[in-house]
Amino acid sequence: MPENNLLEMKQIEILFPGVKALDKVDFSLRAGEIHSLLGENGAGKSTLIKCLTGVHRMDTGTITLQGKEIHPQSPQHAMELGISTVYQEVNLCPNLTVAENIFVGRQPMRHGQIDWRTITKRAKELMARFHLNIDVSRPLSFYSTAIQQMVAIARAVDIKAKILILDEPTSSLDDNEVQLLFGVMRELKAEGMGIIFITHFLDQVFAISDRLTILRNGHLVGSFDISEISKVELVTQMIGKDMNTIFNLRRADVAPDAPFMLTASHIGAPGQVNDISITLKKGELIGFAGLLGSGRTETAELLFGATRMTSGQMELDGKQTDIKKPYDALMRGMAFCPEDRKRDGIIGDLSIRENISLAVQARRGFLHPLSLKEQNRLADKYIEALGIATPDAEKKIGELSGGNQQKVILARWMATDPKVLILDEPTRGIDIGAKAEIQRLMLEMCGNGVSVIFISSELDEIIRCSNRIIVMRDREKVAELDGETCTQEKILSIIAEGAATAGGEAQ
Amino acid sequence: MKKNQYIGRQSMISRILNPKFIMVYATIALFLIIYLFGALAYGNKGFTTLRTFTNLFVDNAYYGISAVGMTMVLITGGIDLSVGAVASLTGMFIAYGTSVLGLHPLICIVFSMIVGVGLGLLMGWVIHYLNVPPFITTLTGMFLARGVCSLISRESIEIKHAMIDALSGWRVNFMHLKDGQWVKVKPTAFINFNVLLFIAVLLVGMYLLQRTRFGRNIYAIGGNEQSAKLMGLPVGKTKVLVYGFNGMCSVLAGIAYALYVKSGWNLSLQGAELDVITCAVIGGTLLTGGVGYMIGTLFGVLLKSIIPALITFNGNLLSWWGKIATGLLLLLFILIQKIVVSSSGANKMKSKAKVTKE
């Protein structure tokens, strides 16, 4: 290890009840370096960071900052030591102005009073440095998440941090905003700051970092210079298995004479989608491809009755059906796992058991409550079947990692024994291992005769799993392709045909 | 680079028109409208006289004093139900101390301060460090204080002391020039010690909220307590101090009330806490925390007190109409708040980053 390390973490061990969250992990950061910290959900990245920022106390190990041993006690203490953190969820106060969010708690004072003029002036200067031309006297809530993220970084930087930790700062940013953030990161790096960068986007890792450290299951896999490692190697190291074996999935086998499970003909609703026709066979998986806003989600909502259809007809399991609301769909054997997991899916304060039982309970009606025993049986069954990583079924779902939350949501709908399962972006924001797992589960369900509609922005996973692919554009179905023979280029060119005029949205 | 020049200037007008003051403007506007209505309807009965206006202060100063502390508590996202009982307890201490024990009122006041501020700090501590919801904690404080009131006496005790008489009798009359001589305006209009106390507490509250770190931390905590903690702000200390400050305001309100009625009664000021909360809320303070201004609270107090004044001037309406009108007012303001809050959320969707690339 070179001597000029800004930060040195040695033999860090953290024990949680029943689990060794970190097992003798070493980590080092040089001044003027962007160092990516990688690993699957639950690999111990957050635990390591929280140990550095004083949220968790380590059981053994030492942390040395500029040659001096430190013992961060709290985020506040870490900040005083020069370690600033910007979290994925913006941790600022939406009711305060941009300027005040940068300076609250350390406002410049004049004659014993807060010097508002200096605050505004310095906030403007700071934002200008980030090439942001915004009114700093507006409340933070007025601005987009990207700007809020920048304000959080501005605050962290202005504290005279030696180390800046960016915990998944890019997950809600678009391409331009990411570039803006990278520009700022490069400037800070040139000033000698050490930056720890945590992200799921591997392209970004290669675009910006100098070095990277990989963790797996609480163990250190290794630290590498960015030039030493390829993307494939990186992924292999992260998940501990070969990428090909992980993604060695087989499309669902659909018998040519399999009955139609769902037939929608010319369905539509004003302002949503027009004239969509879809057929879905028993045990088949069809993928919806298209840009954000192309009508993928809208179609799914229409099928599930979340939006009332005004034209067209639907047949479910060979019978004409009239689905007016999600409850009708649920009672007829459909299940819909919506896009925004945090907002529409999980109920964070309820336990895994309760979250899993929800849809089954809704289907039975509140007059026939599931007994605790039945709930436990359901929960235990799916925790095992889906490999949900949790000590027990009573853990709050909000405390799980994204991939595990998604599995719980999947379990909720699997528990209803659906005939048709609609999954809207089930793999967003979770790591590669968990993605592969979710895809495997989908295909397994197809094997058991469930018909699946799979919506995703990532074309490779659509192609990998789907029997047929429906391409959406501008709220219409523009193509239906065979999954076996389809290529990314083909889908892209279909989407692009119309997108050239529409301007093309960044994925 | 060109664009960067314009951010250097921020006109006075845009500062005044800042959307965050909308609720305060709504309160002021509604007060003016109701005042105008009163002037048109009862102008001939003397509604527009200075006296009517100053009496709004004189008759409601104790609400106002308490509302200052309550505003701070509400901005943190908390609530304090004990204020009425603590104010009543202060009255009991002064009445019992001076009339029965023969103590000097200042001693009673100091004692009340220790008890009131101490209870506030204790409740703040329980709320933050034991993580008990403010509603329950302060409800307990309310029962506690009310219980002690009844323990002291279950009868009303008259306050008889030269200093109290002097303070409650002291007033500054408004004068005007008539035929080259300064004479009292007619009908006489005055402000008294309570009004001065209210204005002083209000100014202190304003100063604390706008000019000190303590005040800004209050807003930050109300905005997002978790974030405030992660930003390294002293969340616990601030919350405890806010409840302590509110305890002090309750005691001051109790003193003002004692001066106003010159007696102590164990059942006085029952439900006053809700009136105080109402004043703060119709003054634009969000019950969910993070937003509130002292100037809004001032007009909240005036708005709430002008309604009974109107009913008195009408003369035919039962005073219960005051409660109904207050209820409607509160409803109106909560609806306005909902609309303002949700529309500012919509703004966020629209505002895309204006990024200057070099």
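The paragraphs below go through a helix and a buried residue of chain B and then a sheet of chain A.

The model is predicted, with local features requiring pLDDT of at least 70 and side-chain atom pairs counting only at pLDDT 80 or more, whereas totals for chains, interfaces and linings use all residues. Residues are numbered from 1 along each chain as its sequence is written, and chains are lettered from A and ligands numbered from 1 in the order in which they are written.

Helix α5 of chain B covers residues 105-129 (helices, H or I, at least four residues, and strands, E, at least two, are DSSP runs numbered from the N terminus). Its 25 residues should span 36 Å at 1.5 Å a residue, and the 35 Å between its end C-alpha atoms agrees with this; the expected span is 1.5 Å times one less than the number of residues. Among its buried residues are C108(B), G116(B) and M123(B), where buried means that 20 or more other C-beta atoms, placed from the backbone, lie within 10 Å of the residue's own. Just after α5(B), N131(B) takes a positive phi of about 55 degrees.

M294(B), in helix α13 (residues 294-314) of chain B, counts as buried because it has 25 C-beta neighbours inside 10 Å. Leaving aside neighbours within four places in sequence, M294(B) is in contact with residues including V68(B), L202(B) and L209(B), contact meaning C-beta atoms, placed from the backbone, within 7 Å.

In chain A, 4 strands form an open antiparallel sheet in the order β14-β13-β16-β17, where strands pair if DSSP finds at least two bridges between them. β14 (273-281) and β17 (319-321) of chain A stand at the edges, each with a single partner strand, so one side of each has no neighbour in the sheet.

Methods:
A residue is buried if 20 or more other C-beta atoms lie within 10 Å of its own, exposed if 12 or fewer, and partly exposed in between; C-beta atoms are placed from the backbone. Two residues are in contact if their C-beta atoms, placed from the backbone, lie within 7 Å.
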